[in-house]
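Reader: I should like to learn how an interface between two chains is read. Please take me through it step by step.

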2 protein chains.
Amino acid sequence: MSGRVPVELSKAYRLMNHGPTVIVTSHHGGRSNIMSAAWSMPLDFDPPKVAVVIDKSTFTRGLIEASGEFVLNIPSRELARLTVDVGSSSGSEVDKFTSYGIATAAGAVVKAPLVEGCLGWLECRLIREPHIQQAYDLFLGEVVAAWADPEVFDGAHWKVEAGGKRSIHYVAGGHFFEIGESFDVSNRD
Amino acid sequence: MSGRVPVELSKAYRLMNHGPTVIVTSHHGGRSNIMSAAWSMPLDFDPPKVAVVIDKSTFTRGLIEASGEFVLNIPSRELARLTVDVGSSSGSEVDKFTSYGIATAAGAVVKAPLVEGCLGWLECRLIREPHIQQAYDLFLGEVVAAWADPEVFDGAHWKVEAGGKRSIHYVAGGHFFEIGESFDVSNRD
């Protein structure tokens, strides 16, 4: 079981700036759900905002629209199997937390659960923009609390080491990349 | 100099599904510009659409709003220095193509140039959504032509090999990851 420490909101964008695949959790009216989303990105630094694409067919969408809340969980490679599984079944048919034996913890601000074993977590409040939700399945959120596994993120910087935990980046058809080597390019001036 | 072959539009999302940092090129009224953007994502499969965040302070923004077109170029690690440079200077002050000696090619549909040496290119037509452009700096586009370096993308799948070209994934402060090892997780059913 990994740890979880708070991340300052102004640094929260760094958890997803490099484009990892995320797991979206939601909760409303006594029901929670979990799905994966390849399409998400930061939208602003401070206050941090995010954008994520949530298809009309998903059970998650109704929970987010009703509750006005969601969590973006950033899985490690150890959770790649789970990431595919929760993207291939619907919460309208099955309780995925029970089916897949998914351990969760409570967030600090929103009611959607945090998935244990992730590298980072962004608790978000939906910024309601009905037109783009309807026309493009595009959902915006303000990050209201953020967390990271201190083994991989020191509060401001990723620490990805040989043999260590890494974020995953979905392509298609069950095919992923894990994140690779880090490197620095200094500004010229 | 790398090659460039067309990518079927229905497969174009795969060029950016794994969250690479992109370079945005634009052109209007005889002026072209180039900037980097850490925040972009696919928005739909077919017809493919994309979302990208373009700050109000950028020269690029005016060119995109005026022309209704842009290109998302996906740089390799060899272009990481350039990616930082074009993100740290403004086209309102300098012609970055000349200053940095950037080689370009013409696209097939839009007038914004393709940056040579990239791994993939998405020619896009702006989907005008003034409210979210103004409120969130969020720009949507439909991909109208796509290209890839055949050394790294075979038309449907990435081919990232040891020592080969790799996409780059920006974090902050000149710090990047390159994409790492690929792996497959099959569906259970």
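Reader: How many residues does the contact take from chain B and from chain A?

Author: The model is a predicted one. In it, 54 residues of chain B and 54 residues of chain A take part in the contact.

Reader: What area is buried between chain B and chain A?

Author: The size of an interface is often given as the accessible area lost when the parts come together. Here that area is about 5000 Å², and carbon and sulfur atoms give 60% of it. On the side of chain B, the most area is lost to chain A by Trp39(B), Phe177(B) and Phe183(B), which together make up 17% of what that side buries.

Reader: How many salt bridges and how many polar contacts should I look for?

Author: There are two salt bridges between chain B and chain A. One of them links the side chains of Arg77(A) and Glu181(B), with N to O at 3.2 Å. Polar contact across the interface is found for 28 residue pairs, with both residues at pLDDT 80 or more.

Reader: Which element gives the most to the side of chain B that touches chain A?

Author: Strand E12(B) does, with ten residues. By class, this side of chain B holds 29 nonpolar, 14 polar and eleven charged residues.

Reader: How do strand E12 of chain A and E12(B) run, and how many bridges join them?

Author: The two strands run antiparallel and are joined by seven bridges; in chain A, the strand spans residues 175-184. Within this pairing, Ile179(A) is placed opposite Ile179(B).

Key: Residues are numbered from 1 along each chain as its sequence is written. Chains are lettered from A and ligands numbered from 1 in the order in which they are written. This is a predicted model: local features need pLDDT of at least 70, side-chain atom pairs count only at pLDDT 80 or more; totals for chains, interfaces and linings use all residues. Side-chain values use heavy atoms; hydrogens and water are left out. Contact means heavy atoms within 4.5 Å. Buried area is the accessible area (1.4 Å probe) that two parts lose on being put together, summed over both. A salt bridge is a side-chain nitrogen of Lys or Arg within 4 Å of a carboxyl oxygen of Asp or Glu. A polar contact is a pair of N or O atoms within 3.5 Å; within protein, one must be able to donate a hydrogen and the other to accept it, and residues adjacent in sequence count only if both atoms are side-chain atoms. Helices (H or I, at least four residues) and strands (E, at least two) are DSSP runs, numbered from the N terminus. Ala, Val, Leu, Ile, Met, Phe, Trp, Tyr, Cys and Pro count as nonpolar, Asp, Glu, Lys and Arg as charged, and the others, Gly among them, as polar. Two strands pair if DSSP finds at least two bridges between them.
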